[in-house]
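The exercises that follow are meant to be worked through with the sequence and the structure side by side. Try each task before reading the solution beneath it.

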Amino acid sequence: VAEARHLWQVVARPNVMIKVPATREGVPADGTLAAEGINVNITLMFSLGHYEAVAQAYLRGIDRHPKPHQVTSVASLFVSRLDVVADRLLEEIGSPEALSLRGRIAIANARRVYRRFGELFDGESFAALERRGARVQRPLWASTGTKNASYSDVLYIEELIGPDTITTIPPATLDAFRDHGRVRVTL
């Protein structure tokens, strides 16, 4: 928190986002910084549980800020790295059912996070904050370059397109998407 405050003051720009890891210490920092009006990119999330803790901290934080419309935040979920780990475990299981799930776990995880995002920020519980001008904490899909050459090189881009999301894209993946990616809402 102290370092984020320092960076916020040194940079002194309203559009800067301070990166904070979604660790045991980082999650409550997300709420503290939001309450103080400091924009945060809370990063290194890998699960729905991570997301839930991060989103709840943000909601508590902006609820304490007198001008929540001045605060913005993103919650960065790492995508392809999850499939790297999950695919290895599925291959160890080796059954046809397990093998059929390779390359699908990360997208399913991100979709669960997006569904929860909608529940939290489109529902009545956020409505009072929204009337005060609060902004949603947008999901950001990170680690979207395909790690397995047998998967589509635009897999994690095409399958995670939806309103209120942000995607960070490595240059090679962006070039591939420009060449043969399909733009359509998939979330």
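## Exercise 1: Charge and overall form

Task: State how many positive and how many negative side chains the chain has, and how far apart the centres of the two sets lie. Then find out whether the radius of gyration agrees or disagrees with that of a compact globule.

Solution. The chain carries 23 positive side chains and 21 negative ones, and the centres of these two sets are 5 Å apart. Keep in mind from here on that the model is a predicted one.

For the second part, begin with the chain length: a compact globule of 187 residues would have a radius of gyration near 16 Å, and the chain has 18 Å, which agrees. The C-alpha trace spans about 55 × 30 × 30 Å along its principal axes. Of the 187 residues, 45% count as buried, and the accessible surface amounts to about 9,700 Å², with 55% of it belonging to carbon and sulfur atoms. Finally, among contacts with a separation of 6 or more, 68% are made by residues 24 or more positions apart.

## Exercise 2: From elements to a sheet

Task: Work out in which order the five strands form their sheet, and which strands stand at the edges.

Solution. Start by listing the elements: the chain has nine helices and five strands, and along the sequence they follow the pattern α-β-α-β-α-β-α-α-α-α-β-α-β-α.

Next, look at the pairings one at a time. Strand E1 (residues 18-21) and strand E2 (residues 40-45) pair in the parallel sense over four bridges, and Lys-19 has Asn-41 in E2 as its bridge partner. E2 also pairs with strand E3 (residues 73-78), in the parallel sense and over four bridges, where Met-45 stands opposite Leu-77 in E3.

Put together, the five strands form an open sheet in the order E1-E2-E3-E4-E5, with parallel pairing. E1 and strand E5 (166-167) stand at the edges with a single partner strand each, so one side of each is left without a neighbour in the sheet.

## Exercise 3: Two faces of a strand

Task: Sort the residues of E1 into a covered and an uncovered face.

Solution. Recall that in a regular strand the side chains alternate between the two faces of the sheet. In E1, the covered face holds Ile-18 and Val-20, whereas the uncovered face holds Lys-19 and Pro-21.

## Exercise 4: A residue in E2

Task: Decide whether Asn-41 counts as buried or exposed, and name its contacts beyond its neighbours in sequence.

Solution. Asn-41 lies in strand E2. Its relative accessibility is 11%, and because buried means under 20%, Asn-41 counts as buried. Once its neighbours within four places in sequence are left aside, Asn-41 is in contact with Met-17, Ile-18, Lys-19, Val-20, Val-74 and Ser-76.

## Exercise 5: Two positive phi angles

Task: For Ser-143 and Asp-164, give the phi value and the loop in which each lies, and say whether each counts as buried, partly exposed or exposed.

Solution. Take Ser-143 to begin with: this residue is not a glycine, yet its phi is positive, at about 55°. Ser-143 lies in the loop between strand E4 (137-142) and helix H8 (155-158), and at 13% relative accessibility Ser-143 counts as buried.

Turn then to Asp-164, a residue other than glycine whose phi is positive and near 65°. Asp-164 lies in the loop between H8 and E5, and at 39% relative accessibility Asp-164 counts as partly exposed.

Definitions and conventions:
Residues are numbered from 1 along each chain as its sequence is written. This is a predicted model: local features need pLDDT of at least 70, side-chain atom pairs count only at pLDDT 80 or more; totals for chains, interfaces and linings use all residues. Side-chain values use heavy atoms; hydrogens and water are left out. The radius of gyration is taken over C-alpha atoms; the globule rule is 2.2 Å times the number of residues to the power 0.38. Buried means under 20% relative accessible area, exposed over 50%, partly exposed in between (1.4 Å probe, protein chains only). Contact means heavy atoms within 4.5 Å. Accessible areas come from the Shrake-Rupley method with a 1.4 Å probe; for residues, only the protein chains shown count as cover. Lys and Arg count as positive and Asp and Glu as negative; His and the chain ends are not counted. The place of a charge is taken as NZ of Lys, CZ of Arg, CG of Asp or CD of Glu. Two strands pair if DSSP finds at least two bridges between them.
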